[in-house]
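Biologist: I would like a close look at one part of this chain. Please take a single helix, go through it slowly, and then place it in the rest of the fold.

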Amino acid sequence: MNRASWIRQLGIYTWKSFRQLFYEKKWTVLISTLVIDLLLLLVLNRDKMFVEYMDTRTGLFAIACACIWIGLFNSVQSICRERETVKHEHMMSNLSLSAYICARLVYEAVICFFEAILTGSVMLLYFNEAVHNSIFAPFDLFISLWMLIFAADSCGILISSISKTPEMAMTIMPFVLIVQLIMSGFIFELKGITKAVSMITISKWGMRTLCVCCKINQYPPEEIKSYEYGIYHQNIAEYSTGGARIFFLWFVLLLFVTIFSALSVLALQFVDKDKR
């Protein structure tokens with residue numbers, strides 16, 4: 001396939017995705033995002049978030065988990081619903097699977113951008129006074145939320161590419177969420193193989209990104225509690241804001257997107273062998 005044909009297919013499938021956004025009312029994902037954001041506000045401590053270390057760390061973990069859920073939910077059924085169409089067009093019309101996946105990524109990147117704007121705006125407005133008194137840049141928060149949601153979204157695309165039916169995709173998704181929760185390193189202390197596994201989870205790097213962009217080390221533990229100081233000193237280097245660390249963390253999340261996308265293209269190579 002020549003470059004012109006690949007670009008043409010990219011444009012066709014990107015436009016198709018955006019048409020579905022309006023004609024099939026897929027913009028309602030923004031409403032579900034807003035509902036999740038408002039539910040977060042019910043459990044986050046307004047008096048201590050962006051004021052005290054432990055409450056801020058816990059709150060950012062809750063936000064990271066919400067972002068992963070939002071991203072996965074965006075796309076986990078997006079490709080398996082069209083699997084029969086993809087198979088037919090790949091066999092009969094020389095469909096470029098890489099152009100198809102890239103078109104989906106362009107569409108999802110736009111959706112994730114608006115979800116990040118919505119989530120970030122809700123948080124900044126609700127914690128306006130605390131944010132005003134802190135020293136982190138809201139712009140960094142928007143970018144971090146966007147990259148985290150997009151990384152989870154690309155994982156959803158991979159799940160959808162592997163799954164032959166929407167039901168299979170929805171069966172796999174809870175297991176992915178559980179792994180992200182357990183292997184994040186936030187709830188349990190991980191050692192050995194589990195610590196190694198945590199390094200390839202979106203939640204681990206997403207949590208780091210949010211903590212670094214919000215400069216969490218500026219909030220020391222309020223009371224002298226051994227477990228709080230233990231956690232604080234354990235993570236003070238991990239959440240350091242020195243140098244270009246935030247750019248490195250954004251790069252890692254972008255690397256997740258790249259790897260998941262490449263694996264999605266590889267998974268769809270077997271779509272012609274579907275026996276359904």
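Modeller: What follows is a walk through helix 10 and then through the parts around it.

The model is predicted. Its chain has 12 helices and zero strands, and half of the picture is interior in a literal sense: buried residues make up 50% of the 276 residues. Among contacts between residues at least 6 apart in sequence, 80% join residues at least 24 apart.

Helix 10 runs over residues 202-213. How far apart are its end C-alpha atoms, and what should the 12 residues span? At 1.5 Å a residue the expected span is 16 Å, and the end C-alpha atoms are 16 Å apart, so the two values agree. The expected value rests on 1.5 Å times one less than the number of residues.

As for cover, 12 of the 12 residues in helix 10 are buried. The list holds nonpolar residues such as I202, W205, M207, L210 and V212, and also K204, R208, S203 and T209. These buried residues pack against helix 3 (53-75), helix 7, helix 8 (166-182), helix 9 (193-198) and helix 12 (245-268). Just after helix 10, K215 takes a positive phi of about 50°.

K204 deserves its own look. This lysine lies in helix 10 and has a relative accessible area of 13%; the limit for buried is under 20%, so K204 counts as buried. Leaving aside neighbours within four places in sequence, K204 is in contact with S184, S198, M199 and E238. By the rule used here the count for the model comes to two salt bridges, and the pairs are E82 with R104 and E108 with R104.

From helix 10 the path leads to L60. Not counting residues up to four places away in sequence, L60 touches M49, F50, M207, L210, C211, C214 and I216. Of these, M207, L210 and C211 are among the buried residues of helix 10. L60 also matters for the count of core contacts: of the 77 residues in the largest nonpolar core, F50, L60 and I63 touch the most other members. The largest share of this core, 13 residues, comes from helix 7 (residues 138-162).

A62 is found in helix 3. Not counting residues up to four places away in sequence, A62 touches L40 and L44. The C-alpha atoms of A62 and V43 are separated by 9.2 Å, with their positions 19 residues apart along the chain.

V43 leads to the outside of the model. A nonpolar surface patch of about 1300 Å² is made by F22, Y23, W27, L30, I31, V35, L39, L42, V43, F113, F114 and I117. Helix 1 (3-23), helix 2 (29-43) and helix 5 (97-126) each give two or more residues to the patch, and helix 2 gives the most, with six residues. L42 sits in helix 2; its relative accessible area is 68%, and the limit for exposed is over 50%, so L42 counts as exposed. For the chain as a whole, the accessible surface comes to about 13900 Å², of which 67% belongs to carbon and sulfur atoms.

Helix 5 also holds charged residues. Side chains of opposite charge can pair when their charged atoms come close. The side chains of E82 and R104 meet in a salt bridge at 3.9 Å, N to O. This pair links distant parts of the chain, with E82 in the loop between helix 3 and helix 4 (83-92) and R104 in helix 5, 22 residues apart. R104 also meets E108 in a salt bridge, at 3.4 Å, N to O. E108 and R104 both lie in helix 5, four residues apart, about one turn of the helix. An α-helix has 3.6 residues a turn, so residues three or four places apart point the same way. Together, E82, R104 and E108 are linked in a network of salt bridges.

Are these charged residues buried or exposed? E82 and R104 are buried. R104 has 4% relative accessibility, which is why it counts as buried, and E108, at 1%, counts as buried too.

Terms used:
Residues numbered from 1 in each chain as written. Predicted model: local features only at pLDDT ≥ 70, side-chain atom pairs only at ≥ 80, totals over all residues. Heavy atoms only, no water. Patch = residues over 30% accessible without salt bridge, like charges linked within 9 Å, V, L, I, M, F, W, Y side chains within 5 Å. Areas by Shrake-Rupley, 256 points an atom, 1.4 Å probe, with all protein chains shown as cover. Salt bridge = Lys/Arg side-chain N within 4 Å of Asp/Glu carboxyl O. Buried < 20%, exposed > 50% of the residue type's maximum accessible area, 1.4 Å probe, protein only. Core = buried A, V, L, I, M, F, W, Y, C linked by side-chain atoms within 4.5 Å. Contact = heavy atoms within 4.5 Å.
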